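Please examine the structure shown here with its interior, its metal site and its open spaces in mind. The explanation below takes these topics in turn.

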Amino acid sequence: MKAANRDFTREVNLFNILNSIRSAGMISRVEIAEKTGQSRSSVTNITALLIKQGLIYEAKGESSSARGRRRIMLKLNPEATYTVGVKIAAFRLSFAVVDFIGQVKSTLSIPFRVEERSEQSLADVIEDGILHCVDDAGLKLEDLSGCGLAIPGFVDSATGTCYWSPIKSGPSHIRKLLAQRLNTDVYLENDANSFTVASQWFGLGKGINNFLVVTIEEGIGMGIVVDSKIYQGSTGIGAELGHMIVVPDGEPCRCGKMGCLEAYTADSGLLQQARKLLSARRTFDFDPDTLTIEDVTRMAQGGDRGLRKLFNQSGELLARSIGGLIQIFNPERLIITGEGVRAGDLLFKPMNKAIKKYLNKEQGSATQILIQEWNDHDWAQGAAGFVLNEIYKSPLDKIHRTS
Ligand SMILES: [Zn+2]
């Protein structure tokens, strides 16, 4: 075997071992060998190295006695390293510092209108937020082994370039700007993809081999997990459910096309339509431009028939889109989350009713559709989890050591 191949095999073995300890929480060497298909001697060698490097430890007093023999259990060392995740949303930046097993150590949220500010000032605020959050966790910047930035839009995660985002005009070079300031690896990823990684690690996707995530926010995002792997497409840009045409020649979308799902179901699209509807009413006595999506949701919940119709349409079109996804992917689960779930029954009642039209009984019953309450810090934890995932692939190179 050539040296490069040998190194690669070792990295894969190491990742599989770490991952099996992570997903089990606590596991013996024999069970790791059974789970990963590696020889017992390979597992013994690699786990010895991981113990030496402080990434895992033998849990004293914990042992399994399968088949009459006592087995020492291995656990991940949560303090092996830390990462920080930052979710960049249209009006807010959220931060989370997590340890090596993804436990949140500190969080922070800062109101910030991304569109109105330069990349330099965005980098300034993110840098300050990270410093604050790291300090809150009782850590130093040098304790971090990486920073993950999650942004909606077309992101090439391999190069860390954001080509287009609904919250920012023009390509973004925020990753480069922050890498210079933080002196650590900085990753830029599509927000729905990082959330999907987090679901796989800590959330409703844990232990599920095939699942989809649909996020409803200013835009509509999507994450796809097939055979336990995130699908990123041929160019790394991934899935953009929001820009699938659901109404030919329909409402204009921010991406330049007409009739995208986003123009009907995302916060931005619903708000746009609500403004149009309300400003046409003679009895409407305030400036529609100051209207927020929260106002629109409240008015619809209060019984405004015109607005309820908009939510109905939005739920119907969402059903049409996810019905198509379920037919293509046949996933075990489809998780819907994001700020847009605030609409509750206004959106999901018509969606649940309409989805029956788009799926036959067998297709429908194979997939569990779950609505997950939105939490600001889930996204930041997701961005940090994305970095952990990268670190697990080659921890010996990527973990930053201060001592
Ligand atoms: Zn579009």
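The following paragraphs describe the zinc site, the nonpolar core, the cavity and the pockets.

The model is predicted, so local features require pLDDT of at least 70 and side-chain atom pairs pLDDT 80 or more, whereas totals for chains, interfaces and linings use all residues. Residues are numbered from 1 along each chain as its sequence is written, and side-chain values rest on heavy atoms, with hydrogens and water left out.

The zinc ion is held by His243 (ND1), Cys253 (SG), Cys255 (SG) and Cys260 (SG), at 2.1 to 2.3 Å; donors are N, O and S atoms within 2.8 Å of the metal (3.2 Å for Na, K and Ca). Along the chain these donors follow the spacing H-x9-C-x1-C-x4-C. The angles among the four donor atoms are 103 to 122°, and the site is tetrahedral, a term that requires all angles of four donors to lie between 85 and 135 degrees. Two of the ligands can be described by accessibility, where buried means under 20% relative accessible area, exposed over 50%, and partly exposed in between (1.4 Å probe, protein chains only). Cys253 counts as buried because its relative accessibility is 10%, and Cys255 counts as partly exposed because its value is 28%.

A nonpolar core is a set of buried Ala, Val, Leu, Ile, Met, Phe, Trp, Tyr and Cys residues joined through side-chain atoms within 4.5 Å. The largest such core has 43 residues, of which Val214, Leu318, Ile322 and Ile336 touch the most other members. Elements that each supply at least two residues include β11 (211–216), α10 (305–329) and β14 (333–337); helices (H or I, at least four residues) and strands (E, at least two) are DSSP runs numbered from the N terminus. The most is given by α10, with nine residues.

Open and enclosed spaces were sought on a 1 Å grid over the protein atoms alone: a cavity is a set of points where a 1.4 Å probe fits but cannot get out, and a pocket is an open set with protein on both sides within 12 Å along at least five of seven lines, with lining residues having an atom within 4 Å of a point. Residues lining the largest cavity include Ile216, Asp267, Phe311 and Arg342. Among the 32 residues lining the second largest pocket, Ala90, Phe91, Glu218, Asp267 and Glu339 lie nearest its centre. Asp267 therefore belongs to both linings. In the largest pocket, 30 residues form the lining, and Phe15, Asn19, Gln200, Ser228 and Asn389 are the closest to its centre. The most is given to that lining by α1, with six residues.

Conventions
Tetrahedral: all angles 85-135°; square planar, octahedral: opposite > 155°, others 65-115°.
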